[in-house]
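User: Got a structure up on screen and want to talk through it. Can you take me through the packing?

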Amino acid sequence: MAGTSTAPAIEASGLIKLFGKNRAVDGLDLRVPAGTVYGVLGPNGAGKTTTVRMLATLTRPNGGQATVFGQDVVREADAVRSRVSLTGQYASVDEDLTGQENLVLLARLLGHRKSAARARADELLEAFGLTEAAGRQVKNYSGGMRRRLDIGASILNTPDLLFLDEPTTGLDPRSRNQVWDIVRTIVAHGTTVLLTTQYLDEADRLADRIAVIDHGRVIAEGTPGELKSSVGAGTVHLRLRDPDQRAKARHVLTSMLGAAVHPESDPTTLVARITVAGDDAATEQAARVLGELAVAGITVDNFSVGQPSLDEVFLALTDRTTGTQEVAA
Amino acid sequence: MTTLSPAGTDSPSVFSPTPETMGALLARTDRPRRPSALAASAAFCWRAMLKIKHVPEQMFDVTVFPIIITLMFTYLFGGALAGSAREYLQYLLPGITVTSVLLITMYTGMGVNADVAKGVFDRFRTLPIWRPAALVGALLGDVLRYLLAATVITLVGVALGYRPAGGFVGVVAAIGLIIAFAFAFSWIWIMFGLLLRSEKSVMGISMPVLFPLTFLSNVFVDPKTMPGWLQAFVEVNPITHLVTAARGLMAGNGDITEITWVLGSCAVLLVVFGTLSMRLYNRK
């Protein structure tokens with residue numbers, strides 16, 4: 001089980017992976033404490049999968065180094081392999097075999113004898129609700145069933161570190177919730193999970209810490225809360241009674257808050273980012289905005305203050321780097 | 001992605017993960033010892049067998065194809081070269097067995113090419129097992145296919161009147177030698193399967209290699225009538241040595257020099273192409 005050693009689950013510094021001239025991963029640093037869920041968040045092509053492949057000993061880095069529980073992913077690859085499991089972005093189960101055959105095969109490859117492999121496979125099929133589908137070829141499974149089988153295959157031997165590369169991409173909401181429940185249960189038993197995702201919602205719900213990556217580098221790192229507050233305290237959402245007053249309201253907001261005011265497609269709504277940090281200061285600023293609008297004679301039907309969503313955080317962070325190449329964090 | 005899966009493929013509300021059942025699985029920390037090289041290869045061989053079970057059509061190339069080749073060449077050349085088809089068959093059968101089996105080895109490379117592109121290979125490669133096991137296991141599965149092809153040809157030959165002087169033992173020994181050579185020879189295609197981008201390119205490169213190698217040999221005719229430069233090639237062609245050795249064994253007078261030659265070329269093929277294949281496999 002994890003926790004037997006004090007080494008972090010993952011420690012990577014200056015990881016580089018080149019594909020021709022493309023720097024898929026370009027000096028990436030990562031530190032994942034054991035026993036946590038760590039989210040790696042980024043758009044397509046940010047280098048998430050390549051990073052996972054290097055950490056899971058599938059691809060050798062061109063530069064930098066990484067250790068898993070203190071063991072080097074290149075020089076001690078075999079030792080690393082005995083402690084990790086990978087559920088890849090594309091189903092890492094054999095589509096031509098049945099669900100049961102897949103699990104029996106992998107159990108045997110992990111060293112279980114024939115009857116033990118069979119018993120282990122059946123237990124997993126039961127626990128993942130796949131007993132009825134056990135005898136069907138995986139190519140006939142739905143996306144959600146396939147994912148469950150895939151994750152089940154990863155915990156045939158309880159791993160110390162589990163890589164989940166975009167575990168819910170392409171799943172319907174119900175299957176997504178199932179996967180989230182499964183991940184939580186796995187973590188509760190001490191396995192460290194490194195999860196890549198494009199969905200901020202997912203990272204927000206599951207991860208203890210998040211690294212936002214873009215162009216192969218970490219551009220921000222922290223708890224979900226820290227990331228949100230780094231972008232600002234939150235946003236003000238306004239709905240006006242009279243759409244004709246929107247221009248005037250916008251003017252009031254702009255003069256108080258600066259330039260960060262967006263008119264929404266609905267002609268009565270406005271969204272503005274609060275510019276001061278800290279919850280109390282933000283509430284105070286929101287209250288002053290409301291007062292100022294009343295003074296200007298603008299009727300507000302609905303007024304709400306919210307934390308920025310991780311989506312807003314993400315867009316703010318990636319915009320910043322695509323424009324200027326400057327690197328935060 | 002199927003969003004509208006019909007009822008039955010994944011009936012809603014059937015599954016909700018219960019922490020208790022999963023917890024019982026996760027709480028287990030007993031880890032068996034890692035499997036031996038042999039056990040891991042055997043597991044991958046079992047995977048190959050399962051694939052045959054699920055897609056039995058893939059056995060056409062090791063049954064129908066060898067039968068066609070045997071019938072075709074026996075009746076095409078038999079009368080002209082040896083007076084009768086039955087007479088020619090006594091000369092042709094060991095060689096046509098070699099030719100058929102070696103032509104089939106190409107499918108091994110195509111299979112590897114398609115297989116390693118699949119996501120499941122990522123999982124195999126993160127397992128703490130003997131590294132060549134996945135490739136060796138797949139090849140062992142193919143060896144059973146080679147064995148089936150060789151057996152089918154021999155039975156067809158016997159039905160058509162082939163009477164080997166070496167008897168059952170001689171034929172079994174010859175087939176054993178042919179299969180051993182095919183096992184080593186297949187690593188050429190495994191290497192190309194790992195090197196090239198598509199199954200088609202594996203096939204594209206194998207044909208210009210396989211046809212000259214099998215035809216420019218002593219499979220079909222005695223090389224004595226060939227021009228000197230061609231005789232020189234035929235003599236160093238490992239296929240010629242394999243055919244001579246197999247013929248000897250089937251005829252009941254195995255030539256130890258030829259057999260040694262064949263086993264030596266097996267070793268060279270294995271060392272060179274096995275090593276190259278593993279390098280490519282580890283870099284994939």
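Analyst: Sure, starting with helix H1 (residues 19-27) of chain B: Met22(B), Leu25(B) and Leu26(B) are buried there. Buried means 20 or more other C-beta atoms within 10 Å of a residue's own, exposed means 12 or fewer, partly exposed is in between, and C-beta atoms are placed from the backbone. Helices (H or I, at least four residues) and strands (E, at least two) are DSSP runs numbered from the N terminus. This is a predicted model, where local features need pLDDT of at least 70, side-chain atom pairs count only at pLDDT 80 or more, and totals for chains, interfaces and linings use all residues. Residues are numbered from 1 along each chain as its sequence is written, with chains lettered from A and ligands numbered from 1 in the order in which they are written.

User: Why do the buried residues of H1(B) line one face of the helix?

Analyst: Seen down the axis of H1(B), they fall within an arc of 95°, so they line one face; the arc is that of the directions from the helix axis to the C-beta atoms.

User: And which residues are exposed on the other side of H1(B)?

Analyst: Glu20(B), Ala24(B) and Ala27(B).

User: What covers the buried residues of H1(B)?

Analyst: The cover includes H4 and H6 of chain A.

User: Switching to the interface, how many residues of chain A are in contact with chain B?

Analyst: 47 residues of chain A are in contact with 42 of chain B, contact being C-beta atoms, placed from the backbone, within 7 Å. H6(A) gives the largest share of chain A's side, 6 residues.

User: What about Ala246(B), what is it in contact with?

Analyst: Leaving aside neighbours within four places in sequence, Ala246(B) contacts Pro94(B), Val98(B), Ala174(B), Leu177(B) and Ile178(B).

Definitions and conventions. Contact = placed C-beta atoms within 7 Å.
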